[in-house]
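Visitor: Hi, I'd like to look at a ligand site today. Can you put the model up?
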Amino acid sequence: MKQPLRCWAEIDLAAFERNLKCIQNALPDHMRYVAVVKADAYGHGMPQMVRRLMQSGVDYFAVANITEAAEIRHMGSGWPILLLSPLLPGEESQVLAHDLIATVSTAGECERLNELGKQHDQKVRIHLKIDTGMGRLGVWHEQAEDFLKSIADYSHLKLEGLYTHFSSADSDPEFTQLQRQRFIRIVESIDYSKLLIHADNSAGIDSLSKDSPFNAVRIGLLQFGIAPYPKSALGAASVEPVFSFHARIGLVKELPAHTDISYARSYTLERDSRIAILTAGYGDGIPFELSNKGSVLIHGQHCPILGRVTMDQTIIDVTDCPEAAIGDTATLIGKNGGKEITTVEFSDLVGTISWETLCSITKRVTRLYTGSREI
Ligand SMILES: *Cc1c(COP(=O)(O)O)cnc(C)c1O
């Protein structure tokens, strides 16, 4: 007999495929789709997601590091792959070995990559990143014009794109507009006709105008059906959640009123209660922060979390859910019996953001792929 799952994340491939169509239909024809799939495709599973993205015809992939890039490269030789994070000394040769595009922000990086190009008698493909107000990677925009001129002096670098990153696309349209203007000023100071020009992430696309120099967008979260900025043009594209998170009831028992629950006795039963023990805890990615907070869905009913979340178990009040029984499914994120807890709601309660929630589901959790033929 097949072993039952104790805790699993369900990945709805059909919903994912519909989201990709929906995003592609919403993008203007000339706009290239850079699919951001870092961190195991936001916890959804890199190979499964990348395969669908390749089939749906995205133009580029973007990842954080060489290991992630190599995994994609093994799946297909055609797709351009952009590295979003800086390279450590010693990693440079992998850029040529896997035919990747490096992001550069400083002269030092240009020198290291140019040296690599010389050694192999090949041009190294780069995108220059411009810091327009994120305060992270990129050459500071006030120095970007001079820096751009100096790039022409590197015999073995091939500049293929310019980009910037918005710090507050989902919260501050005015600052996003300022960043966009700073970036456009730099872009328009050179002949950018052969370059990939991109700034927008899932939330930023809103302020894109048709005659702007932009010809690509970098989309991460939206692909997985979470619109960080629902008012944006692409947020309005009706994407659906792909991810849901479930565990099972491993035990049900009755306890008298005034019994303390879980470590450090942070909760005391107010009434004679029926409790259910879930077969998952923070070792699976149920945040400790949810101790005495929030609820799970069992038979379409919200059942509160009691006491501290522990490593392998979480205690739930099922006094008002008499049908709850051992083996039943408890849903932490997603739909259950006509009710739903969204990733955004779950994250708000935890005090975090959807991106982190998706990255926090641990290795112990089986990813179950549904909704589409396995290919
Ligand atoms: C992760 C990332 C993105 C994608 O952001 P989403 O908000 O998930 O769409 C885009 N650009 C860069 C540089 C990133 O690091």
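Visitor: How do the residues of the shell around the ligand divide into nonpolar, polar and charged?
Guide: Six are nonpolar, four polar and four charged. Ala, Val, Leu, Ile, Met, Phe, Trp, Tyr, Cys and Pro count as nonpolar, Asp, Glu, Lys and Arg as charged, and the others, Gly among them, as polar. This is a predicted model, where local features need pLDDT of at least 70, side-chain atom pairs count only at pLDDT 80 or more, and totals for chains, interfaces and linings use all residues. Residues are numbered from 1 along each chain as its sequence is written, and side-chain values use heavy atoms, with hydrogens and water left out.

Visitor: Which residues are closest to the ligand?
Guide: Lys38, Tyr42, Ser202, Arg218 and Leu221, out of 14 that surround the ligand (a heavy atom within 4 Å).

Visitor: Which helix and strand each supply at least two residues of that shell?
Guide: Helix H2 (38-42) and strand S10 (216-219). Helices (H or I, at least four residues) and strands (E, at least two) are DSSP runs, numbered from the N terminus.

Visitor: What lies 2.9 Å from an oxygen atom of the ligand?
Guide: A backbone N or O atom of Gly220 does. So does an N or O atom in the side chain of Trp355. For the side chain of Tyr42, an N or O atom is 2.6 Å from a ligand oxygen.

Visitor: How much of the ligand does the protein bury?
Guide: The protein buries 93% of the 390 Å² that the ligand exposes when taken alone (Shrake-Rupley method, 1.4 Å probe).

Conventions: A polar contact is a pair of N or O atoms within 3.5 Å; within protein, one must be able to donate a hydrogen and the other to accept it, and residues adjacent in sequence count only if both atoms are side-chain atoms.
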